[in-house]
Amino acid sequence: MAIPSGGGTEVLSSTYIHGLSNTTTTFRWDGTPATTGTGTYVVPDHHIITVLSIVFTEMSDNAETVTVSIFDGSQYIHLLNSQDIPAKGTFIWNDKFVVKAGHKVELTCSPANVDVYCTYIDQDWT
């Protein structure tokens, strides 16, 4: 992606995953929720996403672990690896990071029932 030279927009937005399971799921960056088990959503062309926070809430009265990774099309970078969440507990991860066009933010949990809410800034240069 080239460095933007013209006009664009910068919008604060959110997305979520209801019932994250042990199947890899990626965030959608259009403000709509991801379908659990769908790992194909990528940052759109000419967009830069700055993730502000991710809230994980365990929903089934079981201790869980969650993992967040970036996939750039050829390799994985693990950002949060096997973070424990107690039964009915919440973990708020507010370390900021940036993903660019073609990258995926992949999430998994074990065993299988976490709600995930993500806030982000979308810089759109289309």
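Strand 4 (residues 64-71) and strand 5 run antiparallel to each other in this predicted model, and their pairing extends over 7 bridges. Within that ladder, Val68 sits across from Leu80 of strand 5. The pair belongs to an open sheet of 4 strands, put together in the order 2-8-4-5 with antiparallel pairing. At the margins of this sheet lie strand 2 (25-26) and strand 5 (76-85), each of which pairs on one side only.

A further antiparallel pairing links strand 3 and strand 7, this time over 4 bridges. Here Thr50 has Val98 of strand 7 as its bridge partner. Strand 7 also shows a neat alternation of its side chains: Phe97 and Val99 point to one face and are buried, whereas Val98 and Lys100 point to the other and are not. So the residue that bridges to Thr50, Val98, is on the face of strand 7 that is not buried, with the burial cut-off set at under 20% relative accessible area.

Just past strand 7 comes His103, in the loop that runs from strand 7 (97-100) to strand 8 (104-110). Loop position or not, His103 is buried, at 14% relative accessible area. Setting aside residues up to four places away in sequence, His103 touches Val42, Val43, Ile70, Phe71 and Asp72.

As for the interior, the largest nonpolar core holds 27 residues. Phe27, Trp29, Ile54, Phe56, Val105, Leu107 and Val116 are the ones with the most contacts inside this core. Two or more residues each come from strand 1 (9-20), strand 3 (47-58), strand 4, strand 5, strand 6 (90-93), strand 7, strand 8 and strand 9 (114-124). Val116 gives a feel for how these pieces meet: beyond its neighbours within four places in sequence, Val116 is in contact with Thr15, Tyr16, Ile17, Leu20, Phe27, Ile54, Val55, Phe56 and Leu107.

Then there are the cysteines. Cys109 is buried at 2% relative accessibility, and Cys118 is buried too, at 0%. Why do Cys109 and Cys118 not form a bond? The closest cysteine sulfur to that of Cys109 is the one in Cys118, and it is 16 Å away, which is too far. Seen from the other end, the sulfur of Cys118 likewise has Cys109 as its closest cysteine partner, at 16 Å. A disulfide would need the two sulfur atoms within 2.5 Å, and the count of disulfides accordingly comes to 0.

Zooming out, the protein has 0 helices and 9 strands, so that reading along the sequence simply gives β-β-β-β-β-β-β-β-β. Of the contacts between residues at least 6 apart in sequence, 73% join residues at least 24 apart. The C-alpha trace spans about 50 × 30 × 25 Å along its principal axes. The radius of gyration is 15 Å, which agrees with the value near 14 Å for a compact globule of 126 residues. Buried residues account for 39% of those 126 residues. On the outside, the protein exposes about 6,500 Å², of which carbon and sulfur atoms supply 51%.

Technical notes
Residues numbered from 1 in each chain as written. Predicted model: local features only at pLDDT ≥ 70, side-chain atom pairs only at ≥ 80, totals over all residues. Heavy atoms only, no water. Buried < 20%, exposed > 50% of the residue type's maximum accessible area, 1.4 Å probe, protein only. Contact = heavy atoms within 4.5 Å. Pairing = 2+ DSSP bridges. Core = buried A, V, L, I, M, F, W, Y, C linked by side-chain atoms within 4.5 Å. Rg over C-alpha atoms; globule rule 2.2 N^0.38 Å. Areas by Shrake-Rupley, 256 points an atom, 1.4 Å probe, with all protein chains shown as cover.
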